[in-house]
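Thanks for coming. I will go through one structure today, and you can follow along on the screen.

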Amino acid sequence: MNIVINDEAIALPVPLTLEGLLLQLSRHQPGTALAVNQHIVPRERWADWLLQEGDELVIFQAIAGG
C-alpha cells in the first residue's frame, strides 16, 4: 500500500491504523498532530482510523510559543 507522509512517498507492507503508523515511525508523542487528505484527525480517532491506498498525511509537532 502506498501513502504520502509530509510529501514523501512511503510503501507499507500492510494496512495500518494512524496509531500503528505513528508507533512504527516513533512519532507517537505528546504534541503530535496530523491531517489525512487535508483534514485534521482527532487523537481519539487514531486507533481506529485505517489508512487507505493513496492517503496523504501531514504529521507535525505542535509548539507553544509567545
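**Loop, sheet and surface**

Start with Glu44, which is exposed, with a relative accessible area of 66%. This is a predicted model, so keep that in mind throughout. Glu44 sits in the loop that runs between strand E4, residues 39–40, and strand E5, residues 56–61. For a sense of distance, take Glu44 and Leu21: they are 23 residues apart along the chain, and their C-alpha atoms are separated by 15 Å.

Another residue in the loop between E4 and E5 is Asp55. Which side chain of opposite charge is nearest to Asp55? That would be Arg45, and the distance is 11 Å. Asp55 is buried and yet has no salt bridge. What the side chain of Asp55 does reach is the backbone nitrogen of Gln52, at 2.8 Å.

Now the sheet. In what order do the 5 strands of the open sheet come? The order is E2-E1-E5-E3-E4, and the pairing is mixed. E2 and E4 stand at the edges with a single partner strand each, so one side of each is left without a neighbour in the sheet. As a reminder, strands of a sheet pair through backbone hydrogen bonds, in either the parallel or the antiparallel sense.

I will take the pairs one at a time, beginning with E1. Strand E1 covers residues 2–5, and strand E2 covers residues 8–11. The two pair in the antiparallel sense, over 4 bridges. Within that pairing, Asn2 has Ala11 of E2 as its bridge partner, and Ile5 stands opposite Glu8 in E2. The hairpin of E1 and E2 has 2 residues between the strands, and in this hairpin Asn6 takes a positive phi near 50°.

E1 also pairs with E5, this time in the parallel sense and over 2 bridges. Here the bridge partner of Ile5 is Leu57 in E5. So Ile5 has Glu8 opposite it in E2 and Leu57 as its partner in E5, if you want one residue to find on the screen.

What are the two faces of E1? Ile3 and Ile5 make up the covered face, while Asn2 and Val4 make up the uncovered one.

Next, E5 and strand E3, which is residues 32–36. These two pair in the antiparallel sense over 5 bridges. One of the bridge pairs is Thr32 with Gln61 of E5.

Staying with E5, look at Phe60, which lies in that strand. Is Phe60 buried or partly exposed? Its relative accessible area is 34%, so Phe60 counts as partly exposed. Phe60 joins Ile40 and Val58 in a nonpolar patch on the surface, and together these residues have about 270 Å² of accessible area.

Last, the helix. Leu23 has its place in helix H1, residues 18–24. Leu23 is nonetheless a leucine that counts as exposed, at 56% relative accessibility. Its C-alpha is 14 Å from that of Leu50, and the two are 27 residues apart in sequence.

To sum up: the open sheet has the order E2-E1-E5-E3-E4, Asp55 is buried with no salt bridge, and Ile40, Val58 and Phe60 form a nonpolar surface patch. That is all I have.

Key. Residues numbered from 1 in each chain as written. Predicted model: local features only at pLDDT ≥ 70, side-chain atom pairs only at ≥ 80, totals over all residues. Heavy atoms only, no water. Buried < 20%, exposed > 50% of the residue type's maximum accessible area, 1.4 Å probe, protein only. Patch = residues over 30% accessible without salt bridge, like charges linked within 9 Å, V, L, I, M, F, W, Y side chains within 5 Å. Areas by Shrake-Rupley, 256 points an atom, 1.4 Å probe, with all protein chains shown as cover. Salt bridge = Lys/Arg side-chain N within 4 Å of Asp/Glu carboxyl O. Pairing = 2+ DSSP bridges. Lys, Arg positive; Asp, Glu negative; His and termini not counted. Polar contact = N/O pair within 3.5 Å; in protein donor to acceptor, adjacent residues only side chain to side chain.
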